[in-house]
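This report describes selected features of the structure shown below, taking one chain as a whole and then a sheet in another chain.

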Amino acid sequence: MGLLNKLDDPYYGGGIILGKVEDILNWGRSKSDWYLQFGLACCAIEFMAMNASHFDFMRFGCIPRTSPRQADFIIISGTVTFKMAERIKKLYEQMAEPKYVISMGSCSNSGGPYWEHGYHVLKGVDRIIPVDVYVPGCPPRPEALEEGMIRLQEKINQQAIFNKRKRIAEEDKQKELIINN
Amino acid sequence: MSETKRIEFEYSQIDSERMRLNVGPQHPSTHGVLRLEVELDGEIVTEVVPHIGYLHRCFEKHCEKMTYPQVIPYIDRMDYISAMNNEWPYVMGIEKLMGIEIPEKVEYIRLIFAELNRIANHQIAIATFGLDAGAFTPFLYLFRDREFILSIFEKASGGRLLYNYFWVGGLAADVHKEFKQDVLAIVKQVRETNKEIADLLLYNKIFIERVANVGILPADVAINYGCSGPVVRGSGLAFDLRKDAPYSFYDRFDFDVITGHGEVGTVGDCFDRNIVRFHEMEQSCRIIEQAIEQMPMEGDVREKLPKKIRPPKGEIYTKAENPKGELGFYIVSNGTDKPERIKSRGTSFVNLSVLPEISKGYLFADLIMILGSIDIVLGEVDR
Ligand code: SF4
């Protein structure tokens with residue numbers, strides 16, 4: 001993060017950081033994301049392998065929580081069926097803000113191998129909850145999930161905390177300009 | 001043999017209100033998306049109703065719409081922990097329908113991969129069972145070893161978890177040159193770790209206190225419910241399709257069928273079911289060693305692959321010993337390149353049905369151990 005380098009700055013003898021509160025909050029959030037321990041289907045086995053010694057998910061600062069109330073993000077790892085979709089929505093709603101979602105595997109991205117004839121499969125979990133990062137693969141390799149985690153951290157680092165409405169309105173204006181031109 | 005932990009009491013003598021509790025589908029110890037509706041009297045379980053269908057992925061519908069080779073990936077996704085074993089009875093059935101003779105090398109590679117996958121499956125089963133009891137370290141050790149097995153699968157098939165490797169009449173690709181040495185190295189590694197696991201987890205006093213005399217499944221109940229695999233062998237019955245109805249080359253090898261005999265408690269308790277899995281890993285190692293010795297390295301694994309897979313009209317039931325028990329496929333062919341119907345006998349589904357029977361009268365915390373000892377995979381329960 002380079003944060004410690006900043007501390008070497010000779011301002012008043014060092015140990016002082018000049019920065020935005022937003023940056024520090026985002027830095028803290030992105031480096032200690034706790035996730036909901038929750039598996040759905042085949043992808044959950046790869047997710048378990050990710051937790052184990054070879055890939056070691058905890059070095060991202062991720063700690064499994066069994067209650068959605070304590071979780072910062074949720075990994076949808078597997079096929080979402082209609083019967084399960086209701087539950088997933090409820091779990092997501094129970095999580096405290098700020099909350100993020102990683103969709104792992106083609107099943108939760110789009111229905112995957114069950115896209116065409118799966119009469120009981122939801123064609124993408126983004127139809128019920130908003131998704132931040134999509135990880136493709138059937139199942140994705142643990143390395144791919146690591147990449148997804150890094151992307152999520154990047155996303156958290158850039159997020160706006162103050163004056164959100166104002167900023168979003170400005171962004172929307174710019175988007176409209178681009179569309180109109 | 002110590003006395004049983006089962007708590008005996010007369011329901012009518014206690015005036016307490018029963019409570020109905022919901023467990024799952026996102027409970028960390030239900031091994032997937034199983035939902036249990038439990039009725040409790042204080043802390044004692046009086047009734048368990050499993051609710052399934054949270055992972056119903058329309059297997060039979062897909063079989064109607066897909067051609068024969070296209071069905072294989074869906075079979076992988078049924079019991080996703082032991083995908084190699086799943087594919088086997090299916091391709092065996094179609095080969096029998098079409099009358100294809102399999103080259104010896106192919107059969108040996110299939111057998112070795114099936115046994116390796118059996119080890120990987122039992123590693124996960126023991127690891128998650130330990131996790132349910134609160135032991136995290138064995139989980140790390142076993143998953144470390146599992147990665148070595150997966151690397152062999154990956155070299156051959158390209159997939160880490162779901163392989164689509166057994167094709168009708170052959171294999172998707174040949175094994176690499178140093179296959180034999182690599183497999184033997186893994187066998188050695190597995191044996192070493194198993195010694196550690198026995199000390200760390202299985203014969204640990206705390207663990208034994210937790211699992212001995214819990215969830216006793218008598219042999220006659222196991223037969224009545226149609227259980228198979230380590231669940232029925234834990235109850236002391238030596239039922240193993242590899243010995244009782246030998247398919248492939250299993251009659252050429254020397255190995256034992258492991259049964260539970262109440263080492264620390266009563267026959268058929270959670271400890272027995274778990275220890276059967278543990279010793280089966282050693283037997284698989286023995287089979288692999290013998291198979292590696294006999295296996296020819298020359299030959300083409302793709303030479304017998306048929307151009308068109310169109311089995312003649314007819315029907316067949318094939319079964320094989322999956323790590324979890326007997327997996328069977330009933331295939332009906334109507335003479336075209338798509339099956340008329342494929343019905344599978346899901347092992348986990350049948351084994352799960354015994355849960356309400358054996359968990360009555362135990363403490364609620366024991367219910368989690370009993371469920372863990374049955375070793376279910378929800379993909380196979382719901383299909
Ligand atoms: S994406 Fe593939 S591996 Fe993942 S849950 Fe779906 S079918 Fe299973």
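## Chain A: surface and charge

In this predicted model, the accessible surface of chain A comes to about 10,000 Å², and carbon and sulfur atoms contribute 54% of that area. Of the 181 residues in chain A, 42% are buried, where buried stands for a relative accessible area under 20%.

Chain A carries 23 positive and 22 negative charges, and the mean positions of these two sets lie 6 Å apart.

## Chain A: fold and extent

The secondary structure of chain A consists of 7 helices and 5 strands, which follow one another along the sequence in the pattern α-α-β-α-β-β-α-β-α-β-α-α. The C-alpha trace of chain A spans about 65 × 50 × 30 Å along its principal axes.

When the contacts of chain A with a separation of 6 or more are considered, 75% of them are accounted for by residues that are 24 or more positions apart.

## Chain B: an antiparallel sheet

In chain B, 3 strands in the order S6-S7-S8 form an open sheet whose pairing is antiparallel. The edge strands of this sheet are S6, covering residues 314-322, and S8, covering residues 339-345, each of which pairs on one side only. From one strand to the next, the twist averages 15°. As a general matter, the strands of a sheet pair through backbone hydrogen bonds, either parallel or antiparallel.

Strands S6(B) and S7(B) are paired over 9 bridges in the antiparallel sense, and a hairpin of 2 residues joins S6(B) to S7(B). Within this pairing, B:Tyr317 has B:Tyr330 in S7(B) as its bridge partner. Strand S7 of chain B, which runs over residues 325-333, also pairs with S8(B), here over 6 bridges and again in the antiparallel sense. Opposite B:Ile331 stands B:Ile342, which belongs to S8(B).

## Chain B: helices packed on the sheet

Helix H2 of chain B, made up of residues 68-76, packs on the sheet and touches both S7 and S8 of chain B, and its direction makes about 155° with that of S7(B). Helix H3 of chain B, made up of residues 83-98, likewise packs on the sheet, where it touches S6, S7 and S8 of chain B, and the direction of H3 makes about 150° with that of S6(B).

Conventions:
Residues numbered from 1 in each chain as written. Chains lettered and ligands numbered in written order. Predicted model: local features only at pLDDT ≥ 70, side-chain atom pairs only at ≥ 80, totals over all residues. Heavy atoms only, no water. Pairing = 2+ DSSP bridges. Helix = DSSP H or I, 4+ residues; strand = E, 2+ residues; numbered from the N terminus. Axes fitted to C-alpha atoms, helices over the stretch in contact; angles between N-to-C directions. Contact = heavy atoms within 4.5 Å. Buried < 20%, exposed > 50% of the residue type's maximum accessible area, 1.4 Å probe, protein only. Areas by Shrake-Rupley, 256 points an atom, 1.4 Å probe, with all protein chains shown as cover. Lys, Arg positive; Asp, Glu negative; His and termini not counted. Charge placed at Lys NZ, Arg CZ, Asp CG, Glu CD.
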